[in-house]
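Trainee: I want to learn how to read the empty space in a protein model. Where do we begin?
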Amino acid sequence: MSSFFEKRGNNALNVNTNTQNGKSVAIAITTHGSDLYWAICAIMITATMVFVGLAATKPRHHRIFHYITAAITMVAAVAYFSMASNLGWTPIDVEFQRNNPVVRGVNREIFYVRYIDWFITTPLLLMDLLLTAGMPWPTVLFVILVDEVMIVTGLVGALVKSSYKWGYFAFGCAALAYIVWELVWTARKHASRLGSDIGKAFVSCGSLTAFLWILYPVAWGVCEGGNVISPDSEAVFYGILDVLAKPVFGALLIWGHRGIDPGRLGLHLRDYDSDPAVYANDKHANDYGVPANNTGVIHTGVAGTNNTTRPTDGIVTGAERV
Ligand code: RET
């Protein structure tokens, strides 16, 4: 009976061992770390299903924040699956060799898959926030670019053995300082001018983000950088941060958006039946209450008149078209 349960236990470290491409790693996760990564993988999958399920309860032009947030937890689920399986890492020689048995050895397991996750998901988190604040797209693009610099410098620094890793770390911290400034100052002011409900939604999610994001370089400093805490403790540190920064942040954001029409944020989105590309040449257009336009020309109208997308709610009704 006991062997039955042993066989069903977490076997990941036996299957995917600490030897990769002919090189072994000394400082690596144990089954405890792997178990925690499995648990967080399950949280990410559940959160994704909840966010997609909630999206289905909304009209299509009200789903943008559900979709962005679900994409974030979906990508994280794959990253956590990899780490739980003891995959997605490479052995890197440590700069500081320690006597503490949990971090003793010449090289450490560096999970590069973490950075692939962040490279995809941190821009999405920023989009969630900056779109909530109604920021202009050039600002959104620039902040995202700076964010990509932050993640890539973190990855390269983690893969470097010498003290030069701290040079990359410094670039990453400068990038983070700029992002935090944009969030807590520029975007916060912008959001509050769009209405007190938008301002409130932004401040709760923005302050959680600013606080959590500042802790990531601290984790990096004691894990990939300084080799101070064990890979199992690394799992706990990054794990707590990631759960708060993704599913908890996502739930707060979606809740904050419950009474906010995306049109108020400048997001004028169309549903299928209000998309000129769909109905323009459709002989059944009248069935949807839309006059057929067999010229294929899309009449966008003039802002402020009746035949355009209303700036207030982003919905175009049949009566307003053509
Ligand atoms: C690194 C190291 C280089 C310096 C800095 C970093 C910051 C990373 C951050 C990551 C945020 C990740 C999130 C993941 C969500 O699950 C790359 C650790 C400043 C802020 C929010």
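Mentor: Begin with a lining. This model is predicted. By class, the second largest cavity is lined by 5 nonpolar, 2 polar and 5 charged residues.

Trainee: Which residues line the second largest cavity?

Mentor: Asp93, Glu95, Arg108, Lys165 and Glu224 are among them. Ile92, Val94, Ile110, Ala158 and Cys223 also belong to the lining, along with Gly225 and Asn227. Strand 3 (89-93), strand 4 (107-111) and helix 8 each give two or more residues.

Trainee: Which element gives the most to that lining?

Mentor: Helix 8, with 3 residues. The space in this cavity is about 50 Å³.

Trainee: How many cavities of 30 Å³ or more does the whole structure hold?

Mentor: The search finds 3. The largest has a volume of about 300 Å³. Its lining counts 21 residues, and Trp118, Met150, Ile151, Tyr216 and Pro217 lie nearest the centre. By class they split into 14 nonpolar, 5 polar and 2 charged.

Trainee: Which helices supply at least two residues of that lining?

Mentor: Helix 5 (113-132), helix 6 (137-159), helix 7 (165-193), helix 8 (196-225) and helix 9.

Trainee: And pockets? How do they differ from cavities?

Mentor: A probe cannot get out of a cavity, whereas a pocket is open. Here the largest pocket has a volume of about 200 Å³. Helix 4 (64-84) and helix 9 (231-256) each supply at least two lining residues.

Trainee: What is the class make-up of the pocket lining?

Mentor: It has 6 nonpolar, 4 polar and 2 charged residues. Lys58 and Arg258 are in the lining, as are His62, His66 and His257. Phe65 and Trp255 are also among the lining residues.

Terms used:
Residues numbered from 1 in each chain as written. Predicted model: local features only at pLDDT ≥ 70, side-chain atom pairs only at ≥ 80, totals over all residues. Heavy atoms only, no water. 1 Å grid on protein atoms, 1.4 Å probe; cavity = no way out; pocket = protein on both sides within 12 Å on 5 of 7 lines; lining within 4 Å. Points joined across faces, edges and corners; volume = space filled by probe spheres on them. Helix = DSSP H or I, 4+ residues; strand = E, 2+ residues; numbered from the N terminus. Nonpolar A, V, L, I, M, F, W, Y, C, P; charged D, E, K, R; others polar.
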